[in-house]
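Work through the exercises below with the sequence and the structure in view. Try each task before reading its solution.

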Amino acid sequence: LVTAPGSSVYNSLQFGLTKQMTKGLQFQSSYTWSRSIDYAQGGGGQDLSASSIYGTDPSHPSVDRGLSDFDVTQNWRFNAIYQLPHVSAGALGKVLNGWQASGILSLQSGYPFTPALQTNRSRSGVNVGGGVNGVGIDRPDLVAGRNGANIVSGTTAGCLGVAPGQKLGTPNLYFDPCAFTIPAAGFLGTAGRNILRGPGLANLDFSLMKDTAIKHLGESGKLE
């Protein structure tokens, strides 16, 4: 018997604010606070490599229940257009008038990812065979007292191969490897799927534009 069961849950709070063009200004803002939870994503490997597309234990899919690879807890977008007022006439006006500024600001939480082992330590046999050794499917054990928050913040206490006192959450050491240990052979690790989250993302698209009337192009002809 072969089955392909799956389940996903998405909940969100969404808020939007819009201002129509008045006095040369318009803007639009939207914010989403959400949570998406599912099991291993069969198509995830095509878009993201945050976690394995294979479940660690096909007989008990609940052990892979966690945040979706594409989950973004907080997502804010803001865009605006501002037409600067006319400040002068004549030759000076041709230089100072007709300016417009616009931009799109995007801020969002980082994406989840899973700490994984490079061998099939559990001996589950998932995705093993045909030259494939089950890499990236099994997860390590989580050290007592460690969680998603303190694994990526503060400093590391150190362990084999990792010097103590190093700051976490940096490009050189984003998460603490010392928060995990290798599970006993034949057992699944206790670390959950997608328990860590990468750094947030910020992006700004900005433009500055000027319209200048060109009489030779007609009554409404302009150079932009």
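**Exercise 1: Strand pairing**

Task: In this predicted model, find the residue of β4 that is the bridge partner of Ser 30, then work out which strands pair with β2.

Solution. Step 1: The bridge partner of Ser 30 in β4 is Arg 77. Step 2: This bridge belongs to the pairing of β2 with β4 (residues 74-83), which is antiparallel and has 9 bridges. Step 3: Strand β1 (residues 8-22) also runs antiparallel to β2 (residues 25-38), and 13 bridges join the two. Within that pairing, Gln 14 has Thr 32 of β2 as its bridge partner. Step 4: The hairpin of β1 and β2 has 2 residues between its strands, and Lys 23 there takes a positive phi near 55°. Step 5: Strand β3 (residues 66-67) pairs with β2 over 2 bridges, again in the antiparallel sense. Here Leu 67 of β3 stands opposite Ile 37.

A point to keep in mind when viewing the strands: in a regular strand, side chains alternate between the two faces of the sheet.

**Exercise 2: Confidence**

Task: Which element has the lowest mean pLDDT, and which the highest?

Solution. Step 1: Start with the whole protein chain, where the mean pLDDT is 88 and 92% of residues reach 70 or more. Step 2: Among the elements, helix α1 (residues 44-47) has the lowest mean, 57, and β4 has the highest, 97. Step 3: Where pLDDT is low, predicted coordinates should not be read in detail.

**Exercise 3: The disulfide**

Task: Which cysteines does the disulfide join, and is it left-handed or right-handed?

Solution. Step 1: The structure holds 1 disulfide. Its partners are Cys 159 and Cys 178, with an S to S distance of 2.1 Å. Step 2: The torsion about the S-S bond is about -80°, so this disulfide is left-handed. Step 3: Both Cys 159 and Cys 178 lie in the loop between β9 (141-142) and β10 (180-181), so the pair ties together parts that are 19 residues apart in sequence. Step 4: Cys 159 has a relative accessibility of 32% and is therefore partly exposed. Cys 178, at 13%, counts as buried, because buried means under 20%.

**Exercise 4: Aromatic rings**

Task: How are the rings of Phe 175 and Phe 180 arranged?

Solution. Step 1: There are 5 aromatic pairs in the structure. Step 2: In the pair of Phe 175 and Phe 180, the centres are 6.4 Å apart and the planes are at 75°. An angle over 60 degrees counts as edge-to-face, and this pair is edge-to-face. Step 3: Phe 175 is partly exposed at 28% relative accessible area, whereas Phe 180 is buried at 12%. Step 4: Phe 175 and Phe 180 belong to one aromatic cluster together with Phe 113 and Tyr 174.

**Exercise 5: The surroundings of Asn 194**

Task: Is Asn 194 buried or exposed, and which residues does Asn 194 touch?

Solution. Step 1: Asn 194 is placed in the loop between β10 and β11 (196-197). Step 2: With a relative accessible area of 2%, Asn 194 is buried. Step 3: Leaving aside residues up to four places away in sequence, Asn 194 touches Ala 50, Ser 51, Leu 67, Ser 68, Asp 69, Pro 112, Phe 113 and Thr 114. Step 4: With Asp 69 there is a polar contact of 2.8 Å between the side chains. Step 5: Thr 22 and Asn 194 are 172 residues apart in sequence, and their C-alpha atoms are 46 Å apart in space.

Methods:
Residues are numbered from 1 along each chain as its sequence is written. This is a predicted model: local features need pLDDT of at least 70, side-chain atom pairs count only at pLDDT 80 or more; totals for chains, interfaces and linings use all residues. Side-chain values use heavy atoms; hydrogens and water are left out. Two strands pair if DSSP finds at least two bridges between them. Helices (H or I, at least four residues) and strands (E, at least two) are DSSP runs, numbered from the N terminus. Rings of Phe, Tyr and Trp (its six-membered ring) pair if their centres lie within 6.5 Å; planes under 30 degrees apart count as stacked, over 60 as edge-to-face and the rest as tilted. Buried means under 20% relative accessible area, exposed over 50%, partly exposed in between (1.4 Å probe, protein chains only). pLDDT is the predictor's confidence in each residue, from 0 to 100. A disulfide is a pair of cysteine sulfur atoms within 2.5 Å. Contact means heavy atoms within 4.5 Å. A polar contact is a pair of N or O atoms within 3.5 Å; within protein, one must be able to donate a hydrogen and the other to accept it, and residues adjacent in sequence count only if both atoms are side-chain atoms.
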